[in-house]
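Hi,

Here is the structure I promised to pass along. Please have a look, and my notes follow underneath.

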Amino acid sequence: MPATRLWRHRSIVALDYRCRLGPGAVPFVEVWEGFSVAYVRRGTFGYRSARRSFQLVAGSVLVGRPGDEYVCTHDHHAGGDECLSFQLSPELVESLGGRAEVWEAGSVPPLPELVVAGELAQAAAEGGCDVGLDEAGLQLAARLVEVVADSGRRPLRAPDRDRRRAVEAALWMDEHFDQPTDLEAAAARVALSPFHFLRVFAGALGVTPHQYLIRTRLRHAARMLIGEGRSISDVAYDAGFGDLSNFLRTFRRAAGATPGDFRRASKGDRRILQDRLAALL
């Protein structure tokens, strides 16, 4: 997959991956050369290793471990996918801690804590905030270790037809995140009953439709907060949150900071990031 190096240091390297493969592309075996944490910022693709398989969507995190073989597939989406990847040195991984299963996870579905950290890292990569790309990558990796170590996640298993339907619904939610959406409307998009759709979506992507929608809204809210010109209340409503107090609670739980503090951190307030990292490491 074509990659552009964005940052290089002896302990962390940041790469921008843009894949344009689609249905019909012949899968091939690849090998992780080192530890890697990649935030999926757009698109969807399949991932298979010797132990498990996943379908990744926007907001998911791909986790690599040195020497592991894997195959990426693109059966469900012709638009390609994009990832912001951080390659970590063994010494940095050791300092982050976490049991071996963290680096054997393969993939983590969109989780509130990770989508906010991922959007901050993406903004740093684009030069849209005053946070260093290495700082943002370290925060994403530390958050990943914390989340996976506490999750007790089990491998997902879903038939190919179910994955296609789940991906189609997720892409639709990505496009309509700011509009009122309920389970019945999302299920109707893929011609399933609400109960069957709930089971299919969670089984394929690792989160419920409602969880995915909220986390999609959090991703967009984080982007808006990093940008200029919107008040926090405007961000809440523009991201699809119908209630400001609900947005404030949801965002603080995800980011470990209020929307105002998150915005100040994106503008270079190192104290906020340092306090957050100190709590994670």
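Below are the overall picture, two helix pairs and one arginine.

First, the ground rules. This is a predicted model, in which local features need pLDDT of at least 70 and side-chain atom pairs count only at pLDDT 80 or more, while totals for chains, interfaces and linings use all residues. Residues are numbered from 1 along each chain as its sequence is written, and side-chain values use heavy atoms, with hydrogens and water left out.

The protein has 12 helices and 10 strands (DSSP runs numbered from the N terminus: H or I of at least four residues for helices, E of at least two for strands). Its radius of gyration is 18 Å, which agrees with the value near 19 Å for a compact globule of 281 residues (taken over C-alpha atoms; the rule is 2.2 Å times the number of residues to the power 0.38). The C-alpha trace spans about 50 × 45 × 35 Å along its principal axes. Of the 281 residues, 52% are buried (under 20% relative accessible area with a 1.4 Å probe, protein chains only; exposed is over 50%, partly exposed in between). Among contacts (heavy atoms within 4.5 Å) with a separation of 6 or more, 72% link residues 24 or more positions apart.

Now the helix pairs. Helix 5 (residues 160–175) packs on helix 7 (residues 194–205) at about 95 degrees, with the axes 9 Å apart (lines fitted to C-alpha atoms over the stretch in contact; angles run from 0 to 180 degrees between N-to-C directions). The two are therefore roughly perpendicular (65 to 115 degrees; under 35 is roughly parallel, over 145 roughly antiparallel, the rest oblique). Ala166, Ala170 and Met173 are among the helix 5 residues in this contact, and Phe197 and Phe201 are among those of helix 7. By class, the contact has nine nonpolar, no polar and two charged residues (nonpolar: Ala, Val, Leu, Ile, Met, Phe, Trp, Tyr, Cys and Pro; charged: Asp, Glu, Lys and Arg; polar: the others, Gly among them).

Helix 8 (residues 209–226) and helix 10 (residues 244–255) have axes that come within 11 Å and cross at roughly 85 degrees. Here, eight nonpolar, one polar and no charged residues meet, including Leu218 from helix 8 and Phe251 from helix 10.

Helix 8 also holds Arg219, which counts as buried at 3% relative accessibility. Its side chain makes a polar contact with that of Asp174 at 3.1 Å (N or O atoms within 3.5 Å, one able to donate a hydrogen and the other to accept it; residues adjacent in sequence count only if both atoms are side-chain atoms). Beyond its neighbours within four places in sequence, Arg219 touches Tyr39, Arg41 and Glu119, among others.

Best wishes
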